[in-house]
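Got your viewer open? Let's take a walk around this protein together, one selection at a time.

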Amino acid sequence: MTYEVDITTPGLYAVSGRVSSDVEPAGTVTLDWGSTREEPVAIKNTTHNRNFERQEWDQRYLERGTHRFTVHFTAQDYVSLDYIQFDRVIG
């Protein structure tokens, strides 16, 4: 799945996804930013396929503008994705 995010304030961002899975292991997620591909991150079991929780996947410095990235799941049958969230890290 390919997505775009518009960043208005440059800075370090925590990238997380609100996911659910009722199996262990639930597979991994990898974020592909075009020029770089992050290491796979394990998806945690949330105890039920309708029990969504936000899990942090990456921290990345993003300049102002539109950024395109692709999300790869290794076990798509076992993970549901509700949304992807970008939170600016202050500090």
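Before we start, one term will come in handy: a nonpolar patch is made of residues with over 30% relative accessible area and no salt bridge, where nonpolar side chains such as Val, Leu and Tyr are joined within 5 Å. Keep in mind, too, that what you have on screen is a predicted model.

**Stop 1: a patch on the surface**

Select Leu 12, Tyr 61 and Val 89 and switch on the surface. Together they make a nonpolar patch of about 260 Å². If you want to place one of them on the cartoon, Tyr 61 sits in strand S5.

**Stop 2: the whole protein**

Now zoom out and colour by secondary structure. How many helices and how many strands are there? You should count zero helices and seven strands. Follow the chain from start to end and the pattern reads β-β-β-β-β-β-β. The radius of gyration is 13 Å, close to the 12 Å that the globule rule gives for 91 residues, so the protein is as compact as a globular protein of that length. Want a box around it? Along the principal axes, the C-alpha atoms fill roughly 40 × 25 × 20 Å. Of the 91 residues, 36% count as buried.

**Stop 3: a three-stranded sheet**

Strands of a sheet pair through backbone hydrogen bonds, either parallel or antiparallel. Select S5, S2 and S7 to see an example. These three strands form an open sheet in the order S5-S2-S7, and the pairing is antiparallel. Out at the edges are S5 (48–62) and S7 (80–88), each of which pairs on one side only. Turn the view and look for the twist, which averages 20 degrees from one strand to the next.

Hide S5 for a moment and stay with the other two. S2 covers residues 11–21, and its antiparallel pairing with S7 runs over eight bridges. To find one spot along this pairing, select Ser 16: opposite this residue, in S7, stands Gln 85.

**Stop 4: inside strand S2**

Next, pick Val 15, which is also found in S2. Is Val 15 buried or exposed? Val 15 is buried, with a relative accessible area of 0%. Use the distance tool between the C-alpha atoms of Val 15 and Gln 85: they are separated by 5.8 Å, although the two residues are 70 apart along the chain.

Then click on Tyr 13, another residue that lies in S2. With a relative accessible area of 7%, Tyr 13 is below the 20% cut-off, so this residue counts as buried. Draw a line from its C-alpha atom to that of Phe 69 and you get 14 Å, for two residues that are 56 apart along the chain.

**Stop 5: charged partners**

Side chains of opposite charge can pair when their charged atoms come close. A search of the whole structure finds four salt bridges, and we'll visit some of them.

Begin with Asp 82 and Arg 18, whose side chains meet in a salt bridge at 2.3 Å, N to O. This pair links distant parts of the chain, with Asp 82 in S7 and Arg 18 in S2, 64 residues apart. Asp 82 is partly exposed at 39% relative accessibility, and Arg 18 is partly exposed at 26%.

Move on to Glu 4 and Arg 68. Their side chains form a salt bridge at 4.0 Å, N to O. Glu 4 is in S1 (residues 2–7) and Arg 68 in S6 (residues 65–73), so to speak a link between distant parts of the chain, 64 residues apart. Both residues are exposed.

Now select Arg 60 and Glu 38. The closest N and O atoms of this salt bridge are 2.8 Å apart. Arg 60 lies in S5 and Glu 38 in the loop between S3 (28–32) and S4 (41–42), so the pair ties together parts that are 22 residues apart in sequence. Arg 60 counts as buried, at 17% relative accessibility, while Glu 38 counts as partly exposed, at 25%.

**Stop 6: strand S3 and its partners**

For the last stop, select S3. Which residue in S4 stands opposite Thr 28? Look for Ala 42. S3 and S4 pair in the antiparallel sense over two bridges. S3 also pairs with S6, again antiparallel, over four bridges. Here, select Val 29 and find Phe 73, its bridge partner in S6.

How values were computed
Residues numbered from 1 in each chain as written. Predicted model: local features only at pLDDT ≥ 70, side-chain atom pairs only at ≥ 80, totals over all residues. Heavy atoms only, no water. Pairing = 2+ DSSP bridges. Axes fitted to C-alpha atoms, helices over the stretch in contact; angles between N-to-C directions. Patch = residues over 30% accessible without salt bridge, like charges linked within 9 Å, V, L, I, M, F, W, Y side chains within 5 Å. Areas by Shrake-Rupley, 256 points an atom, 1.4 Å probe, with all protein chains shown as cover. Rg over C-alpha atoms; globule rule 2.2 N^0.38 Å. Buried < 20%, exposed > 50% of the residue type's maximum accessible area, 1.4 Å probe, protein only.
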